[in-house]
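Colleague: Could you take a close look at the place where the two halves of this chain meet? I'd like the cut-offs spelled out too.

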Amino acid sequence: MKFGTKVIHAGIKPDESTGAIMTPIFQTSTYVQSAPGEHKGYEYARTQNPTRTVLEKNVAELENGKYGISFGSGMAATDTIAKLLKPGDEIIASNDIYGGTYRLFREVYGPYGIKSKFIDMENVADVKSAITENTKMIWVETPTNPMLNIVDLAAVGELTKGTDMIFCVDNTFATPYLQRPLDLGADLIIHSATKYLSGHSDVVSGIIVCKDDELGEQLYFLQNAAGAVPGPQDCFLVLRGIKTLAIRMDRHGENAEAVAKFLITHDKVDEVFWPGFESHPNHEIAKSQMLNFGGMVSFNLKEDTLEAAKKILTGTSLFALAESLGGVESLIGHPATMTHASIPQEDRIKTGCVDSLIRLSIGIEDEEDLIADLKKALDA
Ligand SMILES: *Cc1c(COP(=O)(O)O)cnc(C)c1O
């Protein structure tokens, strides 16, 4: 099955009792047993729910994985992965990852004795030299957030192959339509399904995918033991969104290209960060591991001040000033004061996330309207 068919059919069958073509929302906390211990595979809804099962199978197949383990948010999924580690273990992560992931590793797991190192992963040799005997997890985001750097997944896969290090990829920005990290050597994939997977800005959700039986079993154990599971209505919404993932990602990618190419010509704009430019330092790797360059574009201003950024951020009408990304509508955001405010200023600026950096989540509107809206804000 090809991807555009999989999003609609993988793991999904009409409901056996009614023929309903849409996966029913099983809004129940428990399941009746015919005799003690005799049931249909469902006992209690923290442990299993049929709507959730369909979502987990669907996303597992999209990522070419075997197990899908879903959660009430992307952070709950990340938290569950961190629970695979023990005091003394070390995580090496990209230095411009999602602010919430940085906060979780540093402030929640740090005090439990799990160390985290945040490094520039553009050059995989730097990852190699950061590895110590305590390194148990390599955490990669690509494209990174908000700088849109690209990490060579196959090269990191080579480093971790045959070792006891878990190679985890946050695939939220790319989605399995653009990039499939398990095929390139990753052990685990996590998604904030809040973003492109659901795609309509109407649900908070997360999911992990893996191929390995032992990891799959441990993660299901943790999902049930800690219980940060999604509700059935949320699972339904994510499943519904995924049906249009392929066509949405095509359009997000086309619109992002048009916007990036417009921004680079504007005289108030300093740099535009978009992996589709041939001048992007890892353009060739992006081209080889992604189907298109995604729907995110960041840029900074020649006048690098909060005030100059604020004028643009409040000057658009179609681009809504909001956190999050990956919905059908375009959003504009300011990493320094919004998504990345939990990262200390000094660390933030070192990664290129300067005061005037603006991040765009390009929606699927008509590109002419998006460009006109940005032009109006920049010209003002
Ligand atoms: C939003 C996001 C998360 C966190 O997901 P939530 O669903 O908000 O908990 C993790 N990683 C990336 C890349 C994100 O964009």
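**The domain interface**

Modeller: Counting a contact as heavy atoms within 4.5 Å, 40 residues of domain 1 touch 41 residues of domain 2. This is a predicted model, where local features need pLDDT of at least 70 and side-chain atom pairs count only at pLDDT 80 or more, while totals for chains, interfaces and linings use all residues. Residues are numbered from 1 along each chain as its sequence is written, and side-chain values use heavy atoms, with hydrogens and water left out.

The split itself is domain 1 (3-242) and domain 2 (245-379), with bounds from an automatic or database domain assignment. Their C-alpha centres sit 26 Å apart. Together they bury about 3300 Å², 62% of it from carbon and sulfur atoms; that's the accessible area (1.4 Å probe) the two parts lose on being put together, summed over both. On the domain 1 side, Tyr177, Leu178 and Tyr196 lose the most area to domain 2, together 23% of what that side buries.

As for polar stuff, there are 0 salt bridges between the domains (a side-chain nitrogen of Lys or Arg within 4 Å of a carboxyl oxygen of Asp or Glu). You do get 17 residue pairs in polar contact, both at pLDDT 80 or more; that takes N or O atoms within 3.5 Å, one able to donate a hydrogen and the other to accept it, and residues adjacent in sequence count only if both atoms are side-chain atoms.

Which elements does domain 1 bring? Those giving two or more residues are helix 1 (3-9), helix 4 (99-109), helix 6 (153-160), helix 7 (175-178) and helix 9 (232-242), helices being DSSP runs of H or I, at least four residues, numbered from the N terminus. Helix 7 gives the largest share of that side, 4 residues.
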